[in-house]
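Please look over the sequence and the fold before reading on. This short report follows aromatic rings and their surroundings.

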Amino acid sequence: MAMGAAAFGGWGLLLPVVPLAVSQSGSSDAVAAASTAIFMATTVITQLFVPSMLVRVGHRPVLAAGCLLLGVPALLFIVSVQAVPALAVSALRGTGFGMLTVAGAAIVAELAPTHLLGRATGAQGIAVALSQMVTLPLGLVIFAACPTAVFVLGALVPAAGLIGVALLPPTRPAPQPARVDRVRLDARRFLVPCLVVASVSASYGGITSLLPIAESDRAAMIGVALAVVSAAMLVGRYAAGSVADRIGIGRSVVPALISAALGVGLFAVAAAGAMPAALFFVAAVLFGIGYGACQNDSLVMAFDAAGPARYSSASAVWNISFDAGTGAGALALGVVATSVDYTAGFTAGAATVAVVAAVALIASPRPR
């Protein structure tokens with residue numbers, strides 16, 4: 001939990017800051033959002049190779065390398081936040097994040113008893129969300145006061161995760177079975193959790209990349225709203241984990257998607273300037289609860305579909321969906337916002353989540 005808090009704290013610290021810095025350097029909103037997209041693209045590419053890394057060297061070396069690669073390159077933002085160097089640094093940091101996401105989720109599944117898997121992933125989610133609740137608004141505040149300081153912290157916070165990594169037990173997954181038919185994976189059972197996490201992450205990528213730009217004259221309020229999203233994620237993640245353990249895996253998915261879609265829809269109204277500040281925070285609560293619940297239940301669904309012998313592979317598939325969604329959402333909504341306006345961008349995000357809610361209701365397997 002400490003390692004995850006440090007890793008995602010460093011990610012959250014710079015998540016809204018880098019697109020804002022790129023935008024302020026003179027680049028378009030689409031280029032600014034592309035800094036998140038390219039970060040997530042290299043994250044996804046790296047995630048493809050992490051399961052085999054875990055088998056060869058174990059969780060601790062992979063997690064340590066991830067902390068260093070996510071953190072140290074952030075110092076290069078001090079030199080330049082122009083489009084080309086900023087995108088290059090974002091790509092490098094994404095490789096570290098790819099290692100951390102897959103290995104961090106997989107080690108929870110390796111260490112937790114099967115009957116507590118939902119609550120264990122929920123507890124790890126609480127650590128991650130608490131960290132983001134602090135770092136998302138803090139990054140914007142520090143950037144406004146001293147841009148250099150936020151990039152230094154962006155390097156130091158993930159590096160602090162090395163302490164947690166050192167204290168983890170030596171763990172590595174068992175080698176994958178030589179015969180595929182010994183552990184059969186039903187691709188259909190992976191489809192729904194992957195669609196779920198990709199859709200809500202796409203909206204999250206757009207919100208965190210574009211809200212600070214869309215509401216640049218209300219930066220303090222945006223920082224607090226992002227913190228509210230993270231706080232609401234705490235509730236959503238652990239509640240979904242408890243439901244999965246006690247009632248059944250997959251029970252929370254459709255209500256969570258509906259909550260997330262409503263939240264993004266309210267953000268679209270806010271971007272049009274038609275919503276008072278109080279309802280702005282209602283949007284943050286609705287989206288955060290739905291986003292957190294979708295994360296947790298979809299991850300447990302993926303682990304359940306894979307079985308214990310394939311936890312690292314399930315983690316990779318889920319994280320690829322998560323991070324590809326975040327990057328694609330930031331880029332796609334950035335393009336829509338540049339071409340039309342911010343309201344259209346957020347509306348597209350809400351519509352995507354609503355469609356996936358309908359798909360999950362119709363196509364998901366019977367919850368177990």
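## Around F287

Beyond the neighbours within four places in sequence, F287 contacts V200, S203, Y204, I207, V229, S259, A260, G263, V264 and F267. The model is a predicted one. F287 has a relative accessible area of 0% and is buried.

F287 also stands out in the largest nonpolar core. That core holds 103 residues, and F77, F151, L257 and F287 touch the most other members. Helix α12 supplies the largest share of this core, with 14 residues.

## Next in the chain: G288

G288 lies in helix α12. Its relative accessibility is 0%, so G288 counts as buried. Neighbours within four places aside, G288 is in contact with V229, A232 and M233. V229 is thus named for G288 and also appears among the contacts of F287. L226 is 62 residues away from G288 in sequence, yet the C-alpha to C-alpha distance is 9.0 Å.

## Aromatic pairs

How many aromatic pairs does a search of the whole structure find? The search finds 12. One of them joins F8 and F97 in an edge-to-face arrangement. F8 belongs to helix α1 (residues 2–14) and F97 to helix α6 (residues 83–111), so the pair ties together parts 89 residues apart in sequence. Both F8 and F97 are buried.

Now take Y204 and F287. Are these rings stacked or edge-to-face? Their planes are at 10° and their centres 6.4 Å apart, so the pair is stacked. Here too, distant parts of the chain are linked: Y204 is in helix α9 (residues 187–214), F287 is in helix α12 (residues 277–306), and 83 residues separate them. Y204 has 1% relative accessibility, so Y204 counts as buried.

The two pairs are set out below.

| Pair | Centre to centre | Angle between planes | Arrangement |
|---|---|---|---|
| F8 and F97 | 5.3 Å | 70° | edge-to-face |
| Y204 and F287 | 6.4 Å | 10° | stacked |

## The ring cluster

Which residues do ring pairs link into a cluster? The members are F8, W11, F39, F97, Y204, F287, Y291, W318 and F322. F8 and F97, the edge-to-face pair, belong to this cluster. Y204 and F287, the stacked pair, belong to it as well.

F287 therefore ties the report together: the residue is buried, at 0% relative accessible area. F287 is in the ring cluster, and F287 is named among the core residues that touch the most other members.

How values were computed. Residues are numbered from 1 along each chain as its sequence is written. This is a predicted model: local features need pLDDT of at least 70, side-chain atom pairs count only at pLDDT 80 or more; totals for chains, interfaces and linings use all residues. Side-chain values use heavy atoms; hydrogens and water are left out. Rings of Phe, Tyr and Trp (its six-membered ring) pair if their centres lie within 6.5 Å; planes under 30 degrees apart count as stacked, over 60 as edge-to-face and the rest as tilted. Helices (H or I, at least four residues) and strands (E, at least two) are DSSP runs, numbered from the N terminus. Buried means under 20% relative accessible area, exposed over 50%, partly exposed in between (1.4 Å probe, protein chains only). Contact means heavy atoms within 4.5 Å. A nonpolar core is a set of buried Ala, Val, Leu, Ile, Met, Phe, Trp, Tyr and Cys residues joined through side-chain atoms within 4.5 Å.
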